[in-house]
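Please open the structure in a viewer and keep the selection panel at hand. The tour proceeds by selection, with a short account of what is found at each stop.

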Amino acid sequence: MNSKTIAGVGLGFRLAIAEEMLSQSKSAADFIEIAPENYLNCGGKRGRYLRAARERWPIVSHGLCGDFAGSAPIDDSLMKELRNFLKENDALFYTDHLCLTHANGAELHDLLPLPFCDEAVERTAKRVKELQKRLELPVGVENISAYARAPGGTMSEEEFVCAVVEESGGYLLLDVNNIYVNAKNFNFDAHAYIDKMPLDKVIQIHIAGHEEEEGLLIDTHGSALSDDVFELYQYLCGVLRRENLDPPTLLERDNNLPSLAVLEKEIEKLKSIRDASFKERE
Amino acid sequence: MNELKEYEIAVRNLSFGRTQAPLFDDKSDALYRRFVRGGIRRALRRAMPIALSIEGDDTINAYINDFFDEAPPQTKVFRNLPLDFNAYIQKKTDICLPLKELIHFECIELEVLFAEEPDSDRYSFVPKDEYAIYTHPSARLCIYMHDIDRLKRSSKTYGEQRKTPCFVVAYRRQEGFAHKRISQKVAVLLSLSGEKTVGESLNEVTQDIDERRFLKSQLSSLCSTGIIHGFYSPNPKSTTL
């Protein structure tokens, strides 16, 4: 599959639904997204799924351990494997999370918030530049959901995201659900947040479900998209269309996976929102 | 002052410290600590169902807590977390040998299941003396003093320690995890597969012609199970057989 077009609405490729996705004669997903770390040098069933998927869909790679602001040096061996993997899979860009995944010699395997400060901007920008050079691809950072603000912050979240994108010369993976979750958890206006984003740098959009726990919204990727998140997505599409921009959208679902038919309904709804925003512009 | 470095230290203490160290606020601290530890703990527990069954939740959770505190994950690859844990357990001096062996055996399962496919060259299935052995990339040779490979989730104990070690090859068959007992001499042949030809390896274990013939038949048998992918001429590596 020549993946020189990543467009429309895609779906996160998960082992639990891989067999069903691959056996479909027609897929609602225009592309799929994988976490490359899970597939590096991988044979067996997972390797077979990836080879089969590559024949059907363009593949987007979204990393989990970029550790953009971490103090650990780049793992040369892992980076080389990642570069080869991205080439093999015709990657057009690579994205990872704007957060801390490595802490003082330990891998967290979760996404911890960064302090919104100049030091984090500088360190992240430097890392993004280095990754773009090593991977020979555009690199995008994703705004994460958070449940606390890291101490030492000197700017707002949106100022931090914009500064990283500008300083790094990289791109932005804009996660609509994460904006919504953070807006609720930290009491800010999600629409105003979107208005401040460098939309011409948005390389991809993510959208997912969240759940509530003890008064906080948690980005679980484990439930259906909420009406509020659909509404925010509709707003984002409208803003993007006014700028004549049309980045691809990815539906993420990692937990409590429903049947593929349910996920495809969500994909169709996202597509109809995108299409409607085009018509409104015309 | 390097504030990010200090923040990293605080995040590590919150996530992996023996007790919850303050960083954000009580609720968020508890949440993030649970997220980090819970995700890793689930991955580790899934990887060792038999050890969990024999030792029980409390014991295994205590070892995982020790792991967090003393040697938290180094791998960036989530599926390799059990390998990190296994490496930690093997160094611990206060864990009994059969549990170490069982954790080793269970933790390599993911490594076996996800190992690379063999290369696409053509190989012979005949173990000629001048050929080298190409073991399947998923094959792992294990040496145990207990019959670890025969334990089940219903097992209550590890059984007696053996008088001599057993040799087990863990490997991938039809995308599933499989394992097979082999003799010590076949184990030596497999362990030399990257360095010597079949004939040179046989010289290491026996000069007896009948036994050499028998061991070659064992290698052929391992070829049919998929533990050995094939045999090749190593000088230079040739696909014309």
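## Helix packing in chain B

In this predicted model, begin by selecting helix 2 (residues 26-47) and helix 5 of chain B, whose axes lie 9 Å apart and which pack at an angle of about 75 degrees. Helix 2 of chain B is therefore roughly perpendicular to helix 5 of chain B. Display the side chains next: helix 2 of chain B contributes B:Ile40, B:Ala43, B:Leu44 and B:Ala47 to this contact, and helix 5 of chain B contributes B:Leu81, B:Pro82 and B:Phe85. By class, the contact of helix 2 of chain B with helix 5 of chain B has seven nonpolar residues, no polar and no charged.

Keep helix 5 (residues 81-91) of chain B selected and add helix 6 (residues 97-114) of chain B; their axes come within 9 Å and cross at roughly 160 degrees. An angle over 145 degrees counts as roughly antiparallel, so helix 5 of chain B and helix 6 of chain B are roughly antiparallel to each other. The crossing of these two helices, helix 5 and helix 6 of chain B, is left-handed.

Which residues of helix 5 of chain B meet helix 6 of chain B? On the helix 5 side of chain B they are B:Pro82, B:Leu83, B:Phe85, B:Asn86, B:Ile89 and B:Gln90. Facing them from helix 6 of chain B are B:Lys100, B:Ile103, B:His104, B:Cys107, B:Leu110 and B:Glu111. The contact of helix 5 of chain B with helix 6 of chain B divides into seven nonpolar, three polar and two charged residues. B:Pro82 and B:Phe85 belong to the contact with helix 2 of chain B and also to the contact with helix 6 of chain B.

## Two residues of chain B

Select B:Arg140, which lies in strand 2 (residues 140-144) of chain B. Is this residue, B:Arg140, buried or exposed? B:Arg140 is buried, because 21 other C-beta atoms lie within 10 Å and the cut-off for a buried residue is 20 or more. Leaving aside neighbours within four places in sequence, B:Arg140 is in contact with B:Ile108, B:Glu111, B:Val112, B:Val169 and B:Ala170. One of these, B:Glu111, was also listed in the contact of helix 6 with helix 5 of chain B. For a distance label, choose the C-alpha atoms of B:Arg140 and B:Pro234, which are 94 residues apart along the chain and separated by 22 Å.

Move next to B:Glu130, in the loop between helix 6 and strand 1 (132-135) of chain B. B:Glu130 is exposed, with 12 other C-beta atoms within 10 Å. Beyond its neighbours within four places in sequence, B:Glu130 is in contact with B:Thr197, B:Gly199 and B:Ser233. From B:Glu130 to B:Ile148 the C-alpha separation is 35 Å, with their positions 18 residues apart in sequence.

## Chain B as a whole

Now select the whole of chain B, which has nine helices and six strands. The radius of gyration of chain B is 22 Å, whereas a compact globule of 241 residues would have one near 18 Å. The C-alpha trace of chain B spans about 75 × 45 × 30 Å along its principal axes. Of the 241 residues in chain B, 37% are buried.

## Chain A as a whole

Turn to chain A, with nine helices and twelve strands. A compact globule of 282 residues would have a radius of gyration near 19 Å, and the 18 Å of chain A agrees with this. Along its principal axes, the C-alpha trace of chain A spans about 50 × 45 × 40 Å. Buried residues make up 49% of the 282 in chain A.

## Two asparagines of chain A

Most residues other than glycine have a negative phi. Select A:Asn244, in the loop between helix 8 (227-242) and strand 12 (249-251) of chain A; its phi is positive, near 60 degrees. A:Asn244 is exposed, with 8 other C-beta atoms within 10 Å. Then select A:Asn256, in the loop between strand 12 and helix 9 (260-281) of chain A. A:Asn256 has a positive phi of about 45 degrees and counts as exposed, with 12 C-beta neighbours inside 10 Å.

## Where the chains meet

Finally, display both chains: 34 residues of chain A are in contact with 36 residues of chain B. On the chain A side, the elements giving two or more residues are helix 2 (44-56), strand 5 (100-103), strand 6 (106-112) and helix 4 (118-135) of chain A. Strand 6 of chain A provides the largest share, six residues. By class, the side of chain A that touches chain B has 16 nonpolar, nine polar and nine charged residues.

Key: Residues numbered from 1 in each chain as written. Chains lettered and ligands numbered in written order. Predicted model: local features only at pLDDT ≥ 70, side-chain atom pairs only at ≥ 80, totals over all residues. Contact = placed C-beta atoms within 7 Å. Helix = DSSP H or I, 4+ residues; strand = E, 2+ residues; numbered from the N terminus. Nonpolar A, V, L, I, M, F, W, Y, C, P; charged D, E, K, R; others polar. Axes fitted to C-alpha atoms, helices over the stretch in contact; angles between N-to-C directions. Parallel < 35°, antiparallel > 145°, perpendicular 65-115°, else oblique. Left-handed = near helix turned anticlockwise from the far one by under 90°. Rg over C-alpha atoms; globule rule 2.2 N^0.38 Å.
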